[in-house]
Amino acid sequence: NLADHVGDDPRVVAANRRYVRERLALPGEPIWLRQVHGRGVVFAEDAVAGAEGDAAVCRSAGHVCVVMTADCLPILLCDRAGTCVAAAHAGWRGLADGVIEATVAALGVPANSVIAWLGPAIGPQAFEVGDDVRAAFMAQAAIAADAFRRHGDRWHADLYRLAHQRLAALGVTQIHGGGLCTYSDSARFYSYRRDGVTGRMATLIWMDLP
């Protein structure tokens, strides 16, 4: 567990973060955000630990962008030239609110030069939502209907497809990852929907120092 807001022993969390930093030979301490399921973007060069936001962008080496998840979708972004990177935390609220659009815009490069990777998230067979969630996406784009399947009086939602649709609409054509379900793979992933009280995983991206 790498989250300090889920009731874990702070000393253990600090040790876990230190282990990640050392094991991955990170060039600096990750910018641990206070995520609020919104669309706020911070720039890693200027941010401090605990900054509020759901995405981090970096245009220089030595800074580590990170988001924490336990069912929400982590998205990593970079451009083909390797001049910028970003990490976004995209649950359904963030997706509907435009966190992908805000993060791609903050990169400041043409969308067709962006490469995206979709990390582990709750899969469509497990993510049950109500009419309100589907309506929030349908109000913005009719194509969102393809990401919902009726399940009794509720819906199964596909976060991966919703993110893919949003990225494609912006002009991002290189989209990778997707398909790893946090809910169904208890051996590897935390899942808030499955366990209730649980830790958080981290998804990180950075540019190495020369």
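This predicted model holds one aromatic pair. Its partners are Phe137 and Phe148, whose ring centres lie 6.1 Å apart with 45 degrees between the planes, so the pair counts as tilted, neither under 30 degrees nor over 60. To find the two rings, look for Phe137 in helix H4 (residues 131–138) and Phe148 in strand S8 (residues 148–151); the pair links distant parts of the chain, 11 residues apart. Both Phe137 and Phe148 are buried.

From Phe148 you can step across to His156, since these two residues touch each other. His156 has its place in strand S9 (residues 154–157). With a relative accessible area of 17%, His156 falls under the 20% limit and is therefore buried. Its other contacts include Pro124, Phe127, Glu128 and His151.

Glu128 brings us to the salt bridges, of which the structure holds eight. One of them joins Glu128 to Arg154, with the closest N and O atoms 3.0 Å apart. Glu128 lies in strand S7 (residues 128–129) and Arg154 in strand S9, so this bridge ties together parts that are 26 residues apart in sequence. Glu128 is partly exposed, at 27% relative accessible area, and Arg154 is partly exposed too, at 32%.

Another salt bridge pairs Arg188 with Asp185, at 2.8 Å between the closest N and O atoms. Here Arg188 is exposed, at 56%, whereas Asp185 is buried, at 19%.

Finally, have a look at two arginines that meet aromatic rings. The charged end of Arg17 sits over the ring of Trp32, 4.1 Å from its centre, and that of Arg150 sits over the ring of Trp155, 3.9 Å from its centre.

Key:
Residues are numbered from 1 along each chain as its sequence is written. This is a predicted model: local features need pLDDT of at least 70, side-chain atom pairs count only at pLDDT 80 or more; totals for chains, interfaces and linings use all residues. Side-chain values use heavy atoms; hydrogens and water are left out. Rings of Phe, Tyr and Trp (its six-membered ring) pair if their centres lie within 6.5 Å; planes under 30 degrees apart count as stacked, over 60 as edge-to-face and the rest as tilted. Helices (H or I, at least four residues) and strands (E, at least two) are DSSP runs, numbered from the N terminus. Buried means under 20% relative accessible area, exposed over 50%, partly exposed in between (1.4 Å probe, protein chains only). A charge sits over a ring if NZ of Lys or CZ of Arg is within 6 Å of the ring centre and within 35 degrees of the ring normal. Contact means heavy atoms within 4.5 Å. A salt bridge is a side-chain nitrogen of Lys or Arg within 4 Å of a carboxyl oxygen of Asp or Glu. Lists of a residue's contacts leave out its neighbours within four places in sequence.
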